[in-house]
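Let us walk through this structure one strand at a time. Keep the picture at hand as you read.

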Amino acid sequence: MPTITLHPRVSSPTSLPNPLPQVLQTPTGLAILELQGTINLPSEEAEARSMVSANDIHDPSIPTFETPVGRLMFPDYSPQTAPDDTKWMKRVYLYVGRYQRMTGEVKKLVQPLALVQRRQKETNSDSDDEELEVVEVIKYKLFFKNRPEPVNDS
Amino acid sequence: MSTQTASSILFTHTSPQQGFKLLELPPDLADLLTSKEPPTLELKSLTPQQSMTTTTDPEYREYVNLCTPTKTYLIRQVQSSNSIHIIRPSGSGVQRGDINIVGGDDDDELDLVQTMTAIAKCGSTLELHTPPEGFSAAPILERILPVYDEMEGAEQNMEQGDVIRRVFADVPVSRAQCEAGWIELCAFVLGCGGHGKDVVGWCRRPSARVKLDVWRRVVEGAVLQGIDLDRQFLVQDLWRSVLDEGAEEPFPKALFEGVVRRVCEVGDGQLFEDLKWASIDKTRCTQWVGETYLEAKAPATVSGIGRSEFLNAWKDLLPESWRDDVAFSKLTENSYKHPNPSTICFVFRADRQKIKKNVSTDPSATTAAKKTRNWHELFKNQKRQKR
């Protein structure tokens, strides 16, 4: 089929509290984290976990498992920071494991990014045309362009 | 440690991961998508058959366009060397690995009540581009629609709008641009194609000769029935004036309507409405009549016609009061050329771009340049362009 429909954003706000600073928050809670390099997961763990059928309360159809990677920290940010004060955006930490830390920043995107996803098929719909939807429009990203540096675990 | 005052957010990786695409939004599209009532967009590409028959032409290689109701963007996938993760807040009811690997043994330091988790990774983004020449449905429709050059029986027993919409589904530009292209070509639904799925086969685009015939009868009919083409008129009256008393239709009514739409003031979405009242756009009409005449009578350099002969014929095809408006400047730029100082001929759309780029349209010259191994010959055209 040469035409695929791309539906606009349908607001389905997240019920979960969003721990990110205000500027990174979106109605759906989705955000973007860009880093140089990749996150390597212990493969046997990921495989083993994918077999586990857990009762996930958020998406009952797919059992999910979370592997802790590290911690995110906004050292210069506090919820009391004035909205027009952007100095805190210059410094964000991403701890990976215990002993590595990446320093990054919050960056405004030159062009906003739309997150596009395949639309969940309605069970009673008989058409098999693929449909896409814009789930979120994102204007800021977390960007870690530096290598990780070793840190003391204290 | 300064970081102790700031709270830490646990960062995890969710498996299985989800599939996402990142689409870069130009400002106008971002505004559109974040507006109160964002429109539904479409991703359009040529059908596999269409792209197969045209694979030799690099211009029509496989591609996907993103279309808003009125605009078209070309999608280009750009790989990123960075990994882009999509993250979202996570609740407490999730099965999670040992968090001790990320923090100290001492739990007080780590306020890990809150969690962000990576649910997808993207290695590329989709960029949107608008080529400087823009998008038009006319060249695509010109390619896919069969030509109507002689009387064919029409059989209007189907919903025309529906047929047209199905044709547009295979034309990779926005709806508004499809409609404009359809009107530009005076395309119409003939509707005698049987019950196959080939909707394109039910439609026609008239040849220049046919368009000219239709227009001539329209003008004659208007004169006979005293319809003033300068003012608003009832399309049904005009159609009656075209029909000979009791005689058969000289051409399908849908073709007649296609020509009327071409010369009238067009509004968005008008294509799917019944024509009732119409008023002719004088500038549009004059230009179209001149170009159609030229295309019908002088389609190539060798068949060029005299300039004054052309101007007179052009005047004769217009309502009496418009005769003085005729001038070469009324024609679209690059739509004509002068093979020699006293003659004029038509330049087809595909060749206009070349003229603009100052590339020779003479096929023998390009093939000669391709055959030669002389670099001066090979790059002559490009050099000229730069200057």
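Start where the two chains meet in a strand pairing. β5(A) and strand β2 (residues 21-24) of chain B run antiparallel, and four bridges join them. One facing pair is easy to look up: A:Leu113 stands opposite B:Glu24 in β2(B). Keep in mind that this is a predicted model.

Stay with β5(A), and turn to its partners within chain A. Strand β6(A) runs antiparallel to β5(A), and 10 bridges join the two. Here A:Val116 faces A:Val134 in β6(A).

Next comes β4(A). This strand pairs with β5(A) in the antiparallel sense, over five bridges. Look for A:Leu94, which stands opposite A:Met102 in β5(A). β4(A) and β5(A) form a hairpin, with three residues between the strands. What phi does A:Gly97 take in this hairpin? The phi of A:Gly97 is positive, near 60°.

One more partner in chain A deserves a look. Strand β7 (residues 149-150) of chain A pairs with β5(A) over two bridges, again in the antiparallel sense. A:Gln100 stands opposite A:Pro150 in β7(A).

A general point helps when you inspect such strands. In a regular strand, side chains alternate between the two faces of the sheet.

Now step back to the contact between the chains. How many residues does each chain give? Chain A gives 63 residues and chain B gives 59 residues. On the side of chain A, several elements supply two or more residues each. Among them are the helix α1 (43-51) and the strands β1 (3-7), β2 (31-35) and β5 (100-118) of chain A. Which element gives the most on this side? That is β3(A), with nine residues. Sorted by class, the side of chain A that touches chain B has 38 nonpolar residues, 16 polar ones and nine charged ones.

Finally, look inside chain B. This chain is divided into domain 1 (137-278) and domain 2 (294-359). The two domains touch: domain 1 of chain B gives nine residues to the contact, and domain 2 of chain B gives six residues. On the domain 1 side, helix α6 (residues 208-224) of chain B has the largest share, six residues. What classes of residue make up that side of domain 1 of chain B? Six are nonpolar and three are charged, with no polar residues.

Methods: Residues numbered from 1 in each chain as written. Chains lettered and ligands numbered in written order. Predicted model: local features only at pLDDT ≥ 70, side-chain atom pairs only at ≥ 80, totals over all residues. Contact = placed C-beta atoms within 7 Å. Nonpolar A, V, L, I, M, F, W, Y, C, P; charged D, E, K, R; others polar. Pairing = 2+ DSSP bridges. Domains from an automatic or database assignment.
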